[in-house]
Amino acid sequence: MTSQFGRRMEIAGWGHALRTEAEVVRPELVTRLRESLLSGNGIARGLGRAYGDAALATDRVWQTTRLNRMLRLGADGLLTAEAGVSLGEIIRLALPQGWTLPVTPGTQWVTLGGAIAADVHGKNHHEVGTFGQHVTEIILCTADGDLHRIGPDQEPDLFWATVGGMGLTGVIVEASLRLVAAETGYLTVDYERTQGLEETLEWFSGNDAAYPFTVAWIDGLSTGRSLGRAVLMGGRITERRELQQGTEVYPMPRGAIGVPFEFPSGTLSRSVGLAFNAVYYGMHRPERQKREAWWKFFYPLDVADDWYKLYGRRGFAQYQAVYPPEVGARELRALLERIHKARHPNFLGVLKRMGEGSPGLLSFPRAGLTLALDLPMQGERSVELFRDLYAMTADLGGRVYLAKDAFLTQELFRRMYPQWQAFVHLKTRLDPHDRFRSQLSERVGLSGVR
Amino acid sequence: MGKGYVAILGATSTVGRALAAHYAREGFDILLAGRQEDEVHRVGQDLATRYRCSVRAVHLDSDSFDYPQALLASASGVAPLRGVVWALGTMHAAAAEADAALLRTSTWVNFGAAVAAVEGLLPHVAPSGFIVLLSSVAGERGRARNYIYGASKAALTTYGAGLNHRFAGHGPRVTVVQLGVVDSQMTWGMDAGMPGADPEEVAAGIARAVAKGRSRAHVPKRWGLIMFVLRLLPEAIFNRLRI
Ligand SMILES: Cc1cc2nc3c(=O)[nH]c(=O)nc-3n(C[C@H](O)[C@H](O)[C@H](O)COP(=O)(O)OP(=O)(O)OC[C@H]3O[C@@H](n4cnc5c(N)ncnc54)[C@H](O)[C@@H]3O)c2cc1C
Ligand SMILES: NC(=O)c1ccc[n+]([C@@H]2O[C@H](COP(=O)([O-])OP(=O)(O)OC[C@H]3O[C@@H](n4cnc5c(N)ncnc54)[C@H](OP(=O)(O)O)[C@@H]3O)[C@@H](O)[C@H]2O)c1
C-alpha cells in the first residue's frame, strides 16, 4: 500500500496566533480517507482559512486539499465536486460557462467543504442567505466510516447539523451546489463615503433593497464624530449588453503577489493601521457605476495570498459578531470605543446588515448587523480586549462567528448558540466517542466534557 | 476530431493524475486504468468536467498478464494510442527483501507489470506516439533504505533503454523519467529529507522531456546534478551517509 499515514507538522489558524502540532493526513482518494478515519481522532481541514482553532486538532487532521476532483457541472448549473476543491477553482471552471457561486466569502481560497462546514456568508447575504442554503446534497463520512448521502430533504437533521457544523459531524467528502447564472464576470459598483456611524447604518437601510451585494469597509481607528466612517459598496453583476463590443465577457486574473517573509512582530503597529485605513478610505472616492472584474470586487485581500504575515510572528485575531436587529449605532459605538480606549491597533473593519438566519444548528448568520475587525495579537492585553468585547456581545444578545473565533468559553458559547443542545444530542448519537474533535470543539464544550 | 488517446496506467497515482490533466489540457483524450473502480471513475469525471475531453476509465488489476488485452477489449476505439504513461509503483515501508510476498509485489508492480503492459500495448501505439516510464532516482544507486524498490526501478530504466534501442528511431519514442522526490501520496508522511516537487510542475517537466524526444530525463532537473554527484561518490564516503 502507498503510505496512508500522516505527517507530523505544525499547523496554524489563519491568524497564526494559534498553532499546534498534529498528524496531518492528506488523502487523495476517498478509500484512503476512510481507512484513516477509522484509526484516529481529529478534524477535517480545508485551506486553513478559519482564523482560530476550528481546523486545529492535537491528534489528527484530515487535510482535504487533494481530495479535489470536480465530478460534474450540468447544463442546469448544478456542480458536484469533492470537498477539497477551492471556490477559486470553481469560479475558474464555471464562469466561462456562464455560472458563478451563489455565495462567496471574502477570499476565494477556501474549500467547498470549509464553506459548508462554516456555512459561510457573503456580501449578498441579505438577498440569498448562506452558502449551505444552496447546497443540494452532501456526502458525509461519519465516525463509523460510512458514507451518508444527506440533503435538505434527505436526513435533514444531519444535513443542518453538518452545514455550519465545523467538521464535528464528520468529513464532507463531496457536495452538490446550485450555481447561479452570471451574464458577465464584472460587477457594476457604486461607492459612497460616509462621515460617521449613523450615516453608515442609514445607508444600509436605504440601499439593501437596491443592490444584491452590499458591504461597508469601516475605518476602525477614527474616533469621535468620524467614528464608524466608511467606504460603502453596492454592487450588481454587470449585464452583457452593458459591455462594449470586444470586451472579454469572463475575465480571469493573473497570479497573486505574495508577502514574501514574516515581518517582525509589531510591524502592523497602530500607526501603520492608521495609515492603511486612511489610504483605503482615501482611495475610494465616491463613484457611480464603476465596473470591476469579479476578483477585485469579491476578493480585494487575495492580491497577496499570505498577507497574514504582515502581522508578524504573534499573528492576529478577528472579532466578528452579529447582533440582533434592535442593536444600532449607540451599541456599536460602545464596542468600537472599547477598542480605542485600550489604544489597541486594529485593521480593516467590515460592516454589513445580514438577512434572515440559516437553518444550520450552529450557523452564524442571523438578521442584524455584523461587524468584523482584525486585531493584531499583543499578548494578554489583546486577550483581555477580546474577553470584554465578547461579554459585551453576549449582553447585547449577539453571537461570535466560530470560524473566526479563538477565545469563546463554553459558557458564552451556550448563550450565543441556543441550539447547542440539539447539536450535542445529535453528535452524541452519531459520534459517541467524539472521534471528530477540534481545539475549538474542546474549548466550547462540543466534544469531550458534556 | 481530438488528438487521440493517451493511456494513463495507474490513474490513481498522484503523478499519473497530474499527467492525465496535463495531456487533457493539451487536447488529448484520456484512457485511464487502475484497480480501484470508483476512484478511477472519479479521476475520469474530474478530467471530463475540467477539460471537456473524452475519457474512458477501465478497471483493471496489475496482477495479470492479460492487462493490455483486457484494457483494449474494454476500451474499443482508442487505438492507435498517442501515448502511454506507466505510473504504477509501490514503495514499502517494510524491508521487501525479507518478505517473499512484498518482494513479489514490489518487483512485479515496479517492473514486471510494466513490461507486460507496455509490450502488450505496443502494437496499438501510433508509430509517432510516445511511451513514458516513471522510474526513479532510487534506481541509480542502491541505498539501504529501499534497494528492492531501487533495483526494480533500475530494471525498469534498463527496459526503457532497451526498447529505445530496439526501435532505433522507427517507432514510438520511449522516455524514461528518473523522478526525484515528488510531493505525492507515496512520499507524504515519509521523511524524504527535502520537500517534494509540485506534481503539476513535475507533469509539465515530464511532458517537456517527452516533447523534446529525450530518452532519459531527470525531473525535476536539479536531480540530474544531485545524482551525478551521488553516483560518483566513493563508496567509503557513500557508505557513511544515512540517506
Ligand atoms: C480573508 C478572509 C476573508 C473571509 N471572509 C469571510 C466572509 O466574508 N464570510 C464568511 O462566512 N467567512 C469568511 N472567512 C472565513 C472562511 O470563509 C471560513 O473560515 C471557511 O470555513 C474557510 O474554509 P477552509 O477551507 O479554509 O476551511 P478550514 O479553515 O480549513 O476549516 C474551517 C472549518 O471547516 C471544517 N471543514 C473544512 N473542510 C471540511 C470537510 N471537508 N468536512 C467537514 N468539515 C470541514 C473544519 O473542520 C473547520 O471547522 C474569511 C476568511 C479569510 C481568511
Ligand atoms: N513520488 C515520488 O517521490 C516518486 C519518486 C520517484 C519515482 N516515483 C515513481 O513515480 C510513479 C508515480 O508515483 P506517485 O508518487 O504518483 O505514486 P502513488 O501516488 O503512490 O501511485 C502509485 C500507483 O501505483 C498503483 N499501485 C501501487 N501498488 C499497486 C499494486 N500492488 N497493484 C496495482 N496497482 C498498484 C496505485 O494504485 P492504487 O491507488 O490502487 O493503490 C497508484 O495508481 C511511481 O512509479 C513511483 O514509483 C515516485
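**Exercise 1. Locate B:G180 in chain B, decide whether B:G180 is buried or exposed, and find how far B:G180 lies from B:S136.**

Step 1. B:G180 sits in the loop between β6 (173-179) and α6 (199-211) of chain B, where helices (H or I, at least four residues) and strands (E, at least two) are DSSP runs, numbered from the N terminus.

Step 2. With a relative accessible area of 11%, B:G180 is buried; buried means under 20% relative accessible area, exposed over 50%, and partly exposed in between (1.4 Å probe, protein chains only).

Step 3. Although B:G180 and B:S136 are 44 residues apart in sequence, their C-alpha atoms are 6.5 Å apart in space.

The model is predicted, so that local features need pLDDT of at least 70 and side-chain atom pairs count only at pLDDT 80 or more, whereas totals for chains, interfaces and linings use all residues. Residues are numbered from 1 along each chain as its sequence is written, chains are lettered from A and ligands numbered from 1 in the order in which they are written, and side-chain values use heavy atoms, with hydrogens and water left out.

**Exercise 2. Describe which residues and elements surround ligand 2, and state why the site is shared between chains.**

Step 1. Ligand 2 is surrounded by 30 residues, the closest being B:T12, B:R35, B:L88, B:Y149 and B:S184; a residue is near a molecule if one of its heavy atoms lies within 4 Å of it.

Step 2. The site is shared between chains because the residues surrounding ligand 2 come from chains A and B.

Step 3. In polar contacts (pairs of N or O atoms within 3.5 Å), an oxygen atom of ligand 2 lies 3.0 Å from a polar side-chain atom of A:R32, another such distance is 2.8 Å to a polar side-chain atom of B:K153, and a polar backbone atom of B:V182 is 2.8 Å from an oxygen atom of the ligand. Of the 890 Å² of accessible area that ligand 2 has on its own, the protein covers 95% (Shrake-Rupley method, 1.4 Å probe).

Step 4. In chain B, α1 (14-25), α4 (100-121), β5 (125-136) and α5 (147-167) each supply at least two residues of this shell, and β5(B) gives the most, with 3 residues.

**Exercise 3. Work out the strand order of the open sheet in chain A, and examine how β4(A) is placed in it.**

Step 1. The open sheet has 4 strands in the order β1-β2-β4-β3 (chain A), with mixed pairing; two strands pair if DSSP finds at least two bridges between them.

Step 2. Because β1 (7-12) and β3 (42-45) of chain A stand at the edges with a single partner strand each, one side of each is left without a neighbour in the sheet.

Step 3. Strand β4 (residues 60-63) of chain A pairs in the parallel sense with β2 (residues 19-25) of chain A over 3 bridges, and also in the parallel sense with β3(A) over 4 bridges. A:V61 in β4(A) has A:V24 opposite and also A:I43, while A:W62 has A:V25 opposite.

Step 4. From β4(A), A:R60 and A:W62 point one way and A:V61 and A:Q63 the other way, and all are buried.

Conventions: A polar contact is a pair of N or O atoms within 3.5 Å; within protein, one must be able to donate a hydrogen and the other to accept it, and residues adjacent in sequence count only if both atoms are side-chain atoms.
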